[in-house]
Amino acid sequence: MIEQVVASKKVKPIDCQHYINGQYVPSINGKTFENINPATKEVLGTVAEGGKEEIDLAVQAAKRALKGPWKKLSTDERIKVIRKIGDIILERKDELAMLETLDTGKPLSLASSLDIPRAAYNFHFFADYMRGIGTEAFETDSTAINYSVRRPTGVIGIINPWNLPLLLLTWKLAPALAMGNTVVIKPAELTPTTATLLGEICRDAGVPDGVVNIVHGFGPNSAGSALSEHPNIDAISFTGETTTGKIIMKSAAESLKKLSYELGGKNPNIIFADSDLDEVIETTLKSSFVNQGEVCMCGSRIYVERPVYDQFLEKFTAKAKELVVGDPLDSKTNVGALISEEHYNRVKSYIEIAKEEGGEILIGGKTPEELKDKGYYLEPTIIVGLDHNCRVVREEIFGPVVTVIPFDTEEEVIELANDTYYGLSASVWTNNLRRAHRVAGEIEAGIVWVNTWFLRDLRTPFGGTKQSGIGREGGAHGLEFYSELKNICIKL
Ligand code: NAD
């Protein structure tokens with residue numbers, strides 16, 4: 001089936017090489033690893049395995065490029081190149097969506113409607129946005145005038161996860177390029193393909209050699225750690241697990257790198273009895289199970305006000321049962337395969353923990369019989385009967401698994417929602433305007449949605465509080481991170 005669809009779309013999986021100084025190159029020692037399709041367990045191709053030496057070559061190229069033709073482009077020319085990257089992504093949308101699906105196991109319909117169009121929009125958005133960025137000036141009585149100018153931060157290291165590979169990579173790359181930086185990218189080892197193609201897309205758009213470099217490899221003792229330790233990397237923009245963020249922070253400390261972190265979450269989805277339950281359920285299905293629940297923003301802790309708890313559960317489980325788990329290339333599929341065998345085992349282990357902790361698996365918790373030998377599939381899973389202190393309620397699972405817990409008062413649910421070391425996002429459902437403002441104001445998270453989920457305006461700040469992140473990206477906030485302000489003081 002997959003071969004037929006892939007062939008009909010004329011897309012062939014590729015062997016992934018590094019992209020350094022405008023050239024595709026193998027690893028110096030020739031080492032490679034396999035890229036596996038999690039929906040079929042088939043080998044898609046090989047991936048060059050980089051380490052210290054490849055990272056060093058890439059950093060040298062990026063450092064040279066910082067002072068080269070990239071710096072000499074006028075703002076208009078740079079905007080044109082950045083817009084062109086977005087244009088080419090759209091021209092190659094079908095191919096990129098297919099390859100993203102083969103790497104990740106996500107439904108092709110999702111890659112085509114979300115991942116790839118958003119990747120293109122990231123470039124179009126920041127190309128337009130940077131034109132409006134100004135700086136400040138202060139007159140100090142009649143003695144001096146101060147004004148500030150913005151300069152690129154330097155060589156940026158971008159380290160990425162596998163769940164929204166091209167979308168998240170371009171979310172960092174676009175503002176970094178907009179501010180005139182050069183970059184070295186370490187894509188997730190499980191999803192190397194669209195990142196590899198981004199090299200030639202940048203080249204075709206007119207990005208000079210050395211401005212964008214891509215080195216494949218693993219995290220610890222590999223390309224990831226070599227990048228975060230490298231003395232000539234000026235800043236690291238990292239998206240991934242909180243525990244990885246802590247390790248990178250230690251290795252980045254040696255050269256005091258600037259850090260922007262988008263980390264894990266265990267996000268509350270709070271449903272008050274006065275909300276419109278049909279609308280709640282439609283969106284909660286997405287915030288629970290879209291992309292197999294492998295989205296950092298997923299609302300995996302659902303709290304429902306007691307008067308509508310039973311009604312919510314009945315409707316929610318009925319709708320979740322209708323979701324189609326299966327072949328990501330089938331247009332009817334809602335939930336594809338989890339990213340890897342290791343991750344599948346990890347997510348499944350939480351279902352066992354839930355049982356040990358006294359939880360009841362209302363639906364899901366297993367692989368559909370017909371998909372057992374095919375790939376790493378798991379049914380949408382709804383767990384009830386767990387106490388707020390259970391591991392399944394507190395730890396990030398990053399799969400199609402949610403817990404539902406009833407609550408009685410506004411104060412109680414705010415306390416439960418905030419009793420976590422994460423603080424990425426939250427959703428609050430209510431038709432009471434005052435309560436919406438009150439609860440949204442009290443929740444400890446970088447983003448709170450009221451009566452919606454995942455609605456994004458790229459001008460707004462994006463990031464997490466507590467152990468869900470450091471700093472904000474989006475709009476002017478991203479451009480702050482990817483540039484340095486210099487004050488110039490002129491004595492009059
Ligand atoms: P991960 O932390 O395991 O890996 C992310 C990247 O870091 C990979 O490229 C990996 O190779 C690299 N890495 C791992 N160890 C490293 C080390 N010691 N030094 C340098 N690099 C290293 O995360 P993952 O499993 O790929 O992604 C899932 C996680 O990402 C979840 O926790 C999820 O919540 C989080 N995430 C957060 C956001 C956000 O915006 N906040 C978005 C997407 C995913």
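In this predicted model, the ligand lies between two domains, because both of them give residues to the shell around it. Domain 1 is made of two stretches of the chain, 18-263 and 467-491, whereas domain 2 covers residues 268-457.

The shell itself is made up of 30 residues, and the closest of these are Asn160, Lys186, Glu189, Thr244 and Glu396. Sorted by class, 16 of the surrounding residues are nonpolar, nine are polar and five are charged. Two of the closest residues, Asn160 and Glu396, also appear among the polar approaches to the ligand. A polar side-chain atom of Glu396 is found 2.5 Å from a ligand oxygen atom. For Asn160, the polar atom belongs to the backbone, and its distance from an oxygen atom of the ligand is 2.7 Å. The backbone of Gly240 takes part as well, with a polar atom 3.5 Å from an oxygen atom of the ligand. Taken on its own, the ligand has 850 Å² of accessible area, and the protein covers 92% of it.

It is also helpful to look at the shell by secondary structure. Helix 9 (223-229), strand 10 (235-239) and helix 10 (242-253) are the elements that give two or more residues to the surroundings of the ligand. Of the contributions to this shell, that of helix 10 is the largest, at three residues.

Turning to the sheets, one of them is open and built from three strands in the order 5-6-20, with antiparallel pairing. Strand 5 (137-140) and strand 20 (483-491) form its edges, each pairing on one side only. From one strand to the next, the twist averages 25°. Strand 5 and strand 6 (residues 144-152) run antiparallel and are joined by four bridges. Within this part of the sheet, Phe138 has Asn146 of strand 6 standing opposite.

A further open sheet contains seven strands, arranged in the order 14-15-16-13-12-17-18, and here the pairing is mixed. The edge positions are taken by strand 14 (360-363) and strand 18 (447-450), each of which pairs on one side only. On average, and with direction ignored, neighbouring strands of this sheet are turned by 25° against each other. At the strand 14 edge, three bridges connect this strand to strand 15 (residues 381-384), and the two run antiparallel. The bridge partner of Ile363 in strand 15 is Ile382.

Conventions. Residues are numbered from 1 along each chain as its sequence is written. This is a predicted model: local features need pLDDT of at least 70, side-chain atom pairs count only at pLDDT 80 or more; totals for chains, interfaces and linings use all residues. Side-chain values use heavy atoms; hydrogens and water are left out. A residue is near a molecule or strand if one of its heavy atoms lies within 4 Å of it. A polar contact is a pair of N or O atoms within 3.5 Å; within protein, one must be able to donate a hydrogen and the other to accept it, and residues adjacent in sequence count only if both atoms are side-chain atoms. Accessible areas come from the Shrake-Rupley method with a 1.4 Å probe; for residues, only the protein chains shown count as cover. Ala, Val, Leu, Ile, Met, Phe, Trp, Tyr, Cys and Pro count as nonpolar, Asp, Glu, Lys and Arg as charged, and the others, Gly among them, as polar. Domain bounds come from an automatic or database domain assignment. Two strands pair if DSSP finds at least two bridges between them. Axes are lines fitted to C-alpha atoms, for helices over the stretch in contact, and angles run from 0 to 180 degrees between N-to-C directions.
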